[in-house]
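Me: I have a model open and want to test the labels put on it. For each one, tell me what earns the name.

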Amino acid sequence: MIVDSHIHYFDSPGFVDSLIREMDDVGVDKAVLLPTLEDSTWEYVGLTFRKVDTEAVIEACRQYPDRLVGAIRLDPTADSALEEFLRYADEDCIRLLKLSPTEGFRVDDHRAWPLYEECAKRGFPVLIHIGQTGGTFIGEKLEARYQLNSAMGHPLQVDTVAKAFPDVAFIIAHNGYPYKIESWAAAYDNPNVYLDMAGSGPWVDGTPSLYTALGQKSFIPINLDRVLWGCDNCLPISESMTRCSAYLRLMGAGKAQRALAFGGIAARLYRL
Amino acid sequence: MKIDVYCGAFENTGVLVEQMDAAGLDKLVLAAWPQDARQNGKPLPQNADVLAAARLYPDRLLACPHVHGLASDGPQQVARAAGEGCAAIVLFPQDGYAPDDRRLMPVLDAAAEHKLAVFVQAGIATYTLLTGPGHRRAPENGLAYPMRLDPMCRLYPDTNFLILNMGYPLMVEAWSVCHNAANIYLSLGEPGVRTTAPTQGYCGMGHAAFIPVPESKLVFGSGLDADLPAALARFSQAAERFFPGADTGIFLEQNPAALLRL
């Protein structure tokens, strides 16, 4: 089974149908659909997002229940976080929690602890965007003079929560660019921390070159059994797959490990 | 017009201008330091020093006064700097605030209003404060993470920010935030590790294959080097390693002019 572990839901017309067609064209069986940030713009894809929350993802997944699963995205430190989580957690298509600290919170904030307890009870992995983001708020948050802050999420925060919740799988998106070294360290020290290779540009292209430049296994050995592929809407899916396969090979991944990256791990983590 | 966008120390303005002539530099930005800042026991230039120097040589020197980001009269200080013809102010998070501290916004609002560039001493700044038993003080370098400029460069898209010395030793964060933002520049050129580490690190970590730092963002800053020809030579070698084959005019003329809106 081939699984794209990291696709953002876009509220552009025909998005879901177009995604499924592309998945069919390249042989991707399933995709993990992630809510995007409302009222934000991604300049590099030339799109602005309005309604791209958890409810929108659930509606999208219901259109293709045997192809799409989705994530709940919320601020885990909000007073309403647990209530919001429980509102959606029993939906059949919902399989994970997505956190974007760039919105303005730390993942090791103890107010998030009750949420992680729920994830532990349900076997929900937590996918976390760590490090640099390319998006920009454009709506109410900008009017209130708040912006995304790439400094909020750091791999060492993931280390803390991974140790506090060893029965929860935490996935550091994009190898935590630019904090790749710290992300590798967090993954090395915690068997429940995974890395995803989603995106393009320095978010993912820089990973094999940095890893090689620093000495690969002799620097920090990445467990290549715990790396997932995702497209992140940055490239055509086929190109993303080709690049990621090449990058994994450069990093020393064998055929079995690449198979895990392209679906084996996702199938297990997201109960596909 | 060749510009040194960041000079952090000078003994004598006459000697400084002679050094500029020897290096072929047309203009130079003199940046001030926080009150009581010292290096090797010697006081570093204060606002009054850089402003006085710029008045003596208005065609050659530009003053870049220090503004404490949390000062209650910070916006007024920025307005005065603009009135003096300054093209930039310099912020030191080491004064006690992170670059993403929202209390900084009045100062940034003023800088945006007056179209001043904002220099930020991110990373480890090489100065000390008067300190002793019962009165311990130090620059708070632990607040000066380049990545914490990320929200501010988004909130102030029309303000140009300069991360001094590529945010040494936090170069990776500086490269990342510079790559992602159209309005963040990076300076290079100080003696020692503040030039060698970013250069060696960039090449050693995979160069543009790791993080492609845009060519349009690099500027020359001699920093604390009194020997400007040597500083320029050092910078040119480093720039060649960052951007092999590039015309150094980009870094000495084009980019500074864009940064400072000259």
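Reply: Start with the largest pocket of this predicted model. Its lining has 37 residues, and A:Thr133, A:Gly134, A:Gly135, B:Arg154 and B:Asn180 lie nearest its centre. The volume is about 750 Å³.

Me: What makes a residue count as part of the lining?

Reply: The cut-off is an atom within 4 Å of a point of the pocket. By that rule, 37 residues line the largest pocket.

Me: Which helices and strands supply at least two residues each to that lining?

Reply: From chain A, β1 (3-8) and β3 (40-42). From chain B, α5 (150-155) and α6 (171-180). The most comes from α5(B), with three residues.

Me: How does the lining of the largest pocket divide into nonpolar, polar and charged?

Reply: Twelve residues are nonpolar, 19 polar and six charged. Gly counts as polar under this scheme, so A:Gly134 and A:Gly135, close to the centre, fall in the polar class.

Me: What is the volume of the second largest pocket, and which residues sit closest to its centre?

Reply: The volume is about 440 Å³. Of 19 lining residues, B:Ala9, B:Phe10, B:Glu11, B:Lys42 and B:Pro45 are closest to the centre. Both α1 (13-23) and β4 (42-43) of chain B supply at least two residues. The largest share is three residues, from α1(B). By class, the lining has ten nonpolar, five polar and four charged residues.

Me: What makes a space a cavity, not a pocket?

Reply: In a cavity a 1.4 Å probe fits but cannot get out, whereas a pocket is open. Three cavities of 30 Å³ or more pass this rule. The largest holds about 50 Å³ of space.

Me: Which residues line the largest cavity?

Reply: They are B:Leu91, B:Pro93, B:Tyr97, B:Pro99, B:Leu104, B:Leu108, B:Val120, B:Leu149, B:Met152 and B:Phe161. Leu, Pro, Tyr, Val, Met and Phe count as nonpolar. The lining is therefore ten nonpolar, no polar and no charged.

Me: How do you know that chain B and chain A are in contact?

Reply: Contact needs heavy atoms within 4.5 Å. By that test, 24 residues of chain B are in contact with 25 residues of chain A. The two chains bury about 1,900 Å² between them, 55% of it on carbon and sulfur atoms.

Me: Why is the pair B:Asp109 and A:Arg145 called a salt bridge?

Reply: The rule asks for a side-chain nitrogen of Lys or Arg within 4 Å of a carboxyl oxygen of Asp or Glu. Here the N to O distance is 2.6 Å, so the pair qualifies. Across this interface the rule finds one salt bridge. Polar contacts there come to 16 residue pairs. On the side of chain B that touches chain A, α4 (105-113), α5 and α6 each give two or more residues. The most come from α6(B), with six. That side of chain B divides into twelve nonpolar, five polar and seven charged residues.

Me: How many salt bridges are there over all chains?

Reply: The whole structure has 27. One of them joins A:Arg122 and A:Asp90, at 2.8 Å, N to O. That distance is within the 4 Å limit, so this pair also earns the name.

Me: What makes that pair a link between distant parts of the chain?

Reply: A:Arg122 is in helix α4 (residues 113-122) of chain A, and A:Asp90 is in the loop between α3 (81-89) and β6 (94-99). The two residues are 32 residues apart.

How values were computed. Residues are numbered from 1 along each chain as its sequence is written. Chains are lettered from A and ligands numbered from 1 in the order in which they are written. This is a predicted model: local features need pLDDT of at least 70, side-chain atom pairs count only at pLDDT 80 or more; totals for chains, interfaces and linings use all residues. Side-chain values use heavy atoms; hydrogens and water are left out. On a 1 Å grid over the protein atoms alone, a cavity is a set of points where a 1.4 Å probe fits but cannot get out, and a pocket is an open set with protein on both sides within 12 Å along at least five of seven lines; lining residues have an atom within 4 Å of a point. Grid points are joined across faces, edges and corners, and a volume is the space filled by probe spheres set on the points. Helices (H or I, at least four residues) and strands (E, at least two) are DSSP runs, numbered from the N terminus. Buried area is the accessible area (1.4 Å probe) that two parts lose on being put together, summed over both. A polar contact is a pair of N or O atoms within 3.5 Å; within protein, one must be able to donate a hydrogen and the other to accept it, and residues adjacent in sequence count only if both atoms are side-chain atoms.
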